Amino acid sequence: MIVRNQLKFLPRETACHHQQHILDLLEEALDVAKIKGTDVDAVCYTKGPGIAAPLISVAVVARTVAQLWNKPIIGVNHCIGHIEMGRLITGADNPIVLYVSGGNTQVIAYNEKRYRIFGETIDIAVGNCLDRFARVLKLSNNPSPGYNIEQLAKRGKKFITLPYCVKGMDVSFSGLLSYIENKTKQLLSTNECTKEDLCFSLQETIFAMLVEITERAMAHCGSNEVLIVGGVGCNERLQEMMRIMAEERNAKLFATDERFCIDNGAMIAHAGWEMFRSGHVTDFEDSTCTQRYRTDEVEVTWRE
C-alpha cells in the first residue's frame with residue numbers, strides 16, 4: 001500500500017494504488033490458478049470495515065467482473081474473514097476469539113448465528129497504539145512498527161508502571177498512550193530506563209489487559225478454547241501470555257504466524273466460500289461498502 005508519514009494511510013493515495021494494481025493482480029491470480037474468470041463460483045470482496053476510498057475501489061472491480069462473468073457476488077466482513085481463516089488453519093472448533101489489529105480490538109464468541117462482541121476497545125485499537133508509540137521512538141517501518149517494538153521488548157529488563165485501563169469487558173488505550181508519550185522524553189533523558197524497557201512495559205501492560213477480558217469471556221461462556229487473530233495476533237509475547245492463562249484454565253490456545261494473521265486475500269476468499277456454500281450471497285444492489293461494518297451484524301449461516 002502507499003504509505004506516508006510513517007504508516008499513515010492516506011485514503012486517496014491508497015485507493016489510487018489499488019486502482020493501478022488490482023487488474024494486474026487479478027490476471028496474475030487467474031494465471032497462477034490456471035483458470036479463467038468464468039470458472040470461479042463466486043466473486044468475493046471486502047465490504048468493510050475499513051477505509052472508504054480503497055474499499056470502494058475494490059468493490060467497483062468486484063461488481064464489474066461479477067457481471068462480466070455472470071457470477072454471484074459476496075460482500076465479506078473483514079473481521080469474520082480473520083476469524084474463519086483462524087478457525088480453518090488452527091482447527092479450533094468453537095473458541096473465544098481475541099481479534100487484535102491496527103484498526104480493531106474485540107473479544108468475540110459465537111452464539112445463535114452471530115459472532116457476539118463481548119468486549120472491545122472504547123477508543124483506539126491496540127495496533128494503532130503500538131504503531132503510534134513506535135513513531136514516538138522513531139522506530140523503522142521495516143518490516144513493521146509493531147514487530148520492531150516486539151523485538152525491543154524482548155531485551156527490556158525494567159518494568160515501568162503504566163495506566164491499566166480495563167472497564168468491565170472493554171479496554172481503553174488512548175490514556176495509556178498519552179501517558180507514555182508524555183513520559184518517554186523525560187525517562188530516556190534521565191536514563192531512568194531504555195527504549196527496550198519502555199517497549200517491554202507497554203507490551204506487558206496492554207497484553208495483560210487483553211488477556212484479562214479474554215479470560216472473563218471464557219469464564220462466562222464456559223469455553224476451553226481461545227483463538228487469536230488479526231495482525232497483532234502474531235506477536236509471540238501476546239501468544240505466550242494467552243497460553244499461560246489458557247493452561248491455568250485447562251484450556252487450549254490456537255494461534256498462527258504472520259502468514260495468516262496479517263490481512264490477506266485468502267481469508268476473504270475462504271469466508272466468502274463459507275457464505276456461498278451455505279446459500280448466503282449478496283444482492284447486487286447491496287454490494288456496496290460499509291466503513292463501520294460490525295462483526296455482529298452478519299448472520300452466520302454456515303455454522304451450526
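A residue is called buried when its relative accessible area is under 20% and exposed when that area is over 50%, with partly exposed lying in between. The exercises below use this definition on a predicted model.

**Exercise 1. Decide whether Gly81 is buried or exposed, and state which residues it touches.**

Solution. Begin by locating the residue: Gly81 belongs to helix H3, which covers residues 78-90. Next, take its relative accessible area, which is 0%, and compare this value with the cut-off of under 20% for a buried residue; Gly81 is therefore buried. Then look for its contacts, leaving aside the neighbours within four places in sequence, and you will find Met267 and Ala271. Finally, consider a pair that is separated along the chain: Gly81 and Ala266 are 185 residues apart in sequence, while their C-alpha atoms are 8.6 Å apart in space.

**Exercise 2. Determine how strand S3 is covered on its faces, and which strands it is joined to by bridges.**

Solution. Start with the count for the strand, which runs over residues 96-100: five of its five residues are buried, and S3 is mostly covered. To assign these residues to faces, recall that in a regular strand the side chains alternate between the two faces of the sheet. In S3, Ile96, Leu98 and Val100 lie on one side and Val97 and Tyr99 on the other, and both faces are covered.

Now turn to the partners. Strand S8 (residues 225-229) runs parallel to S3 and is joined to it by four bridges, with Tyr99 standing opposite Val229. Strand S4 is also joined to S3 by four bridges, but these two strands run antiparallel, and here Val100 stands opposite Thr105. The connection between S3 and S4 is a hairpin with four residues between the strands.

**Exercise 3. Follow the chain from S4 into S5, and describe what is found at Glu112 in the turn.**

Solution. First establish the pairing: S4 (residues 105-111) and S5 (residues 114-120) run antiparallel and are joined by six bridges. One pair can be picked out as an example, since Ala109 has Arg116 in S5 as its bridge partner. Then examine the turn, where two residues lie between the strands of this hairpin. Glu112, which is in the loop between S4 and S5, has a positive phi of about 50° although it is not a glycine. As a last step, check its surroundings: the relative accessible area of Glu112 is 60%, so Glu112 is exposed.

**Exercise 4. Find where Asn250 lies, and decide whether it is buried or exposed.**

Solution. Asn250 is found in the loop between helix H8 (236-248) and strand S9 (252-254). Its phi is near 55°, which is a positive value in a residue other than glycine. With a relative accessible area of 71%, Asn250 is exposed.

**Exercise 5. Identify where the cis peptide bonds before Pro49 and Pro143 are placed in the chain.**

Solution. Take the bond from Gly48 to Pro49, which is cis with omega near -5°; Pro49 sits in the loop between strand S1 (43-48) and helix H2 (52-69). Then take the bond from Asn142 to Pro143, which is cis with omega near 0°; Pro143 sits in the loop between helix H4 (126-136) and helix H5 (145-153).

**Exercise 6. Work out which residues are in contact with Val232, a buried loop residue.**

Solution. Val232 lies in the loop between S8 and H8, and its relative accessibility of 9% makes it count as buried. Apart from neighbours within four places in sequence, its contacts are Val100, Ser101, Val126, Gly127, Leu130, Phe207 and Leu238. Val100, in this list, is also one of the buried residues of S3. The C-alpha atoms of Val232 and Pro145, which are 87 residues apart along the chain, are separated by 11 Å.

**Exercise 7. Decide why the chain can be called as compact as a globular protein of its length.**

Solution. The chain contains 10 helices and nine strands. Its radius of gyration is 20 Å, close to the 19 Å that the globule rule gives for 304 residues, so the chain is as compact as a globular protein of that length. Add the share of buried residues, which is 47% of the 304 residues. Lastly, among contacts with a separation of 6 or more, 77% come from residues 24 or more positions apart.

How values were computed. Residues are numbered from 1 along each chain as its sequence is written. This is a predicted model: local features need pLDDT of at least 70, side-chain atom pairs count only at pLDDT 80 or more; totals for chains, interfaces and linings use all residues. Side-chain values use heavy atoms; hydrogens and water are left out. Two strands pair if DSSP finds at least two bridges between them. The radius of gyration is taken over C-alpha atoms; the globule rule is 2.2 Å times the number of residues to the power 0.38. Buried means under 20% relative accessible area, exposed over 50%, partly exposed in between (1.4 Å probe, protein chains only). Contact means heavy atoms within 4.5 Å.
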